[in-house]
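Q: Could you take a close look at the loops of this protein for me? I'd like to know what sits in them and what the residues there touch.

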Amino acid sequence: MLSKKNFISKMKTVAALSAMILALGGLGAGECQAASATEKNTLQSYTQVGDNYRSMSGITLTSKLDKDQYKDGDQASLTLSVENTNDYPVKNVEIRYNLPANIKKDKGNSDLVIEELGAHETRELTFTATVTEDSSGPMAPWFKRILLIGGVVLALIILILLIIIIRKKKAKKALALFMTLLLAGSATCQGPAYTRAADRSQAAEKTQAAEQTKAIEADYQVDSDAFMNRVSVHDPSVVKDPKSGYYYIFGSHLAFAKSKDLISWERFTNNIHTDYEKLFKEPWDKWAKKATAPDSGLSGRMWAPDVVWNDTMKKWCMYMSIDGDNWVSSICLLTADKIEGPYDYQGVVVYSGMNNGRTKVDLNQTDVYKVLDKDDDLERYSNTSDSCINAIDPSIQTDEEGNMYMTYGSWSAGIYQLKLDPKTGMRDYETRYESKINESDAYYGKKIAGGFYCSGEGPYIIKGSKYYYLFLSYGGLEATGGYQMRIYRSEHVDGPYVDDNGVSAIRDKSVEIKRTDYGYRIFGSYLMDGLGKAQVAQGHNSAIVDEDGRIFLIYHTRFQSDSGTNETHQVRVHQMFENENGWLVAAPYEYSGETLKEEAYAMEELAGEYEFIYHDPTKAYMVVNGTQMGLVGAADREKEMEGSQEVTIGKYVSTIRYCADFKVDQAEKITLKEDGSLTGEYRGTWSLEGNKLTLDLGDGHVYKGYFIKQYNENMDRKVTMTFTAEGENVAVWGVKPVEKEEDTEAENE
């Protein structure tokens with residue numbers, strides 16, 4: 001006979017085996033689902049979920065059956081309701097559903113399309129269907145309960161038999177019998193294997209006609225704001241004269257301006273405006289003109305100069321692009337004793353366009369053979385994807401060791417960097433480069449970005465507290481071209497440059513770069529409270545780190561128009577800050593003298609409702625058939641919400657899947673509460689350390705930045721609280737809407 005100790009040990013083993021086998025039975029019954037594939041980590045609006053209930057962005061979607069359960073062959077009726085709980089209408093609402101094979105629709109529409117769902121309006125979609133039992137689905141709860149009770153009874157019977165047998169000293173036979181019977185019982189408890197369908201509902205085509213977004217103002221007027229003296233300078237490059245304290249911007253087509261405060265600007269001219277044909281005779285007549293159409297003169301071909309002080313030469317150095325067709329361009333150097341001139345021509349720093357296959361040029365007119373041997377194979381320069389660059393858009397950098405570099409290039413084969421000689425301002429001919437695809441070129445220097453027509457243009461580099469930041473402009477510069485600024489960074493001036501996802505600035509294949517998340521997009525085309533008209537196609541920027549450490553972004557912007565053909569542009573300046581992650585974030589409104597507070601704001605001053613602007617890097621502004629798309633902020637945003645309704649048919653459960661699409665043209669709102677919680681369009685927490693902000697919206701969506709009070713950009717220039725932050729390679733802004741009766745003075749410390 002078994003001892004008491006051995007008997008207890010046998011019982012523990014039996015209990016463990018029972019639990020394991022019952023668990024296996026539960027797996028067969030569909031209680032545990034396989035993990036779904038990981039999706040891209042994108043920020044999604046908060047969705048409130050209940051039984052047959054979904055709510056997002058003020059739109060509530062519910063489903064209701066006419067019965068709790070059905071018999072095989074019954075007719076079921078399902079009603080889908082969509083309610084707009086907002087105080088404003090929502091456009092292009094569409095409800096649709098997807099039925100499993102065992103549910104056949106008898107009557108009713110397959111979808112409901114609503115051009116505009118009014119505030120607090122509810123609409124319904126009802127259909128009837130014949131339902132049949134599907135044994136491949138999960139078991140109904142009542143059926144699982146019966147099987148579970150039966151399994152428990154069977155297990156007890158087996159256990160009693162086992163105890164009797166064990167007491168008759170037949171332990172081994174008993175265990176074998178127990179395993180056989182229990183496995184048989186487990187098989188009885190198991191339902192058929194089931195895999196829940198993961199495919200999304202197959203929807204009818206969306207309605208293409210959308211109501212055109214209305215501009216806030218009928219017409220845009222340049223210089224309509226008396227608070228600031230506006231100026232139009234395309235491709236502005238900024239530099240500060242330490243003697244006068246003035247900031248200067250030099251742009252394409254000899255558009256030059258200056259400002260004492262980065263707010264009000266005035267134009268100025270110098271000898272270049274009157275003597276450009278003489279000054280640029282060599283790079284134009286001997287090079288660019290030979291590839292350019294006869295009706296295209298030099299006056300429109302002087303592009304994107306960059307002006308710097310050369311402390312070795314004790315001269316102001318202007319690097320000017322002289323552009324020609326078919327990549328036959330060059331960058332030349334002019335020098336002056338004073339920043340406003342007069343300037344003297346010194347020579348060409350670099351040429352492009354040799355052996356491009358479209359225009360034959362005389363390389364003896366260049367310095368190419370001063371760098372390359374005459375027997376070098378120049379066939380690589382016929383490839384505009386990886387070797388034939390356009391020598392325009394110079395940007396000059398001097399590193400901490402005093403080494404001087406010129407970063408340049410545009411679209412086609414990439415952005416390159418050459419070392420300069422500080423004693424002359426020209427190319428450093430002692431520095432040699434090796435020709436390696438996607439790395440460097442013997443003549444052009446080191447490749448740091450772009451290639452395969454994904455290069456962007458207007459490269460500009462500044463040095464922050466730790467990193468060098470490389471700015472590039474992607475997209476077409478016209479109003480509907482999707483123009484935009486992106487940033488990469490490196491600990492070294494010559495790279496390698498990467499974004500916050502670790503993606504290189506160098507491309508190895510062609511992509512539609514303006515719709516990717518390559519590069520950190522510091523902000524997109526946007527419309528928000530306190531902005532008279534949406535700003536679009538911002539780009540070809542420069543930046544400056546002032547003596548006091550403040551960082552400013554200077555660029556040109558275009559503006560929203562119903563047709564998308566308004567090419568009016570103006571200079572804008574935004575203050576930038578380095579966040580805790582070492583990325584630059586831009587203040588939401590243009591600079592108007594505000595200062596970042598050193599001490600913390602009070603929590604009650606920061607708490608409240610904000611417009612939340614998520615600068616989606618994959619959106620590019622365009623106008624199609626009178627409809628404006630690609631704006632962020634208070635602009636059209638398409639949303640989608642999904643739900644499901646379980647239908648009990650006989651012993652099994654089937655699932656009807658449904659979804660609602662809708663378009664909202666109001667800004668997303670979030671509320672920062674004094675207890676550190678965050679509600680509204682998104683849910684999460686926020687915290688403050690000094691004036692530093694951390695937004696945590698869950699699932700890894702963490703953004704680091706700053707709070708700062710600013711004047712808005714309306715005519716009345718009201719002051720309001722804003723925040724700017726970055727995370728996951730995406731910029732986010734928050735703006736507290738100003739109440740109409742407020743008339744607070746700005747805080748300028």
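A: Happy to. Helices and strands here are DSSP runs numbered from the N terminus, with at least four residues for a helix and at least two for a strand. Please keep in mind that this is a predicted model.

Let's begin with Tyr 46, which is found in the loop between α1 (4-28) and β1 (48-50). Tyr 46 is partly exposed, because its relative accessibility of 33% falls between the 20% and 50% cut-offs. Its contacts, leaving out residues up to four places away in sequence, are Ser 55, Met 56, Gly 680, Glu 681, Tyr 682 and Arg 683. Of these partners, take Arg 683: it is 637 residues apart from Tyr 46 along the chain, yet their C-alpha atoms are separated by 6.2 Å.

Next comes the loop between β2 (53-56) and β3 (59-65), where you will find Ser 57. Ser 57 is not a glycine but has a positive phi of about 55°, and it is buried at 12% relative accessibility. Asn 326, in the loop between β15 (315-322) and β16, also has a positive phi, near 55°. Asn 326 is partly exposed, at 21% relative accessibility.

Now for the loop between α6 (368-371) and β18 (395-398), which holds Asn 390 as well as Leu 378. Asn 390 counts as buried because its relative accessible area of 11% is under 20%. The side chain of Asn 390 makes a polar contact of 2.8 Å with that of Ser 329. Beyond four places in sequence, Asn 390 touches a set of residues that includes Asp 323, Trp 327, Ser 352 and Gly 409. Leu 378 is buried too, with a relative accessible area of 10%. Outside its neighbours within four places, Leu 378 is in contact with Asn 355, Leu 363, Tyr 369 and Leu 372. The C-alpha atoms of Leu 378 and Asn 355 are separated by 6.8 Å, with their positions 23 residues apart along the chain.

Two more loops are worth a look for their prolines. Pro 342 lies between β16 (330-336) and β17 (344-351), and the peptide bond leading to it from Gly 341 is cis, with omega near 10°. Pro 496, in the loop between β25 (484-490) and β26 (520-523), is joined to Gly 495 by a cis peptide bond with omega about 5°.

Technical notes: Residues numbered from 1 in each chain as written. Predicted model: local features only at pLDDT ≥ 70, side-chain atom pairs only at ≥ 80, totals over all residues. Heavy atoms only, no water. Buried < 20%, exposed > 50% of the residue type's maximum accessible area, 1.4 Å probe, protein only. Polar contact = N/O pair within 3.5 Å; in protein donor to acceptor, adjacent residues only side chain to side chain. Contact = heavy atoms within 4.5 Å.
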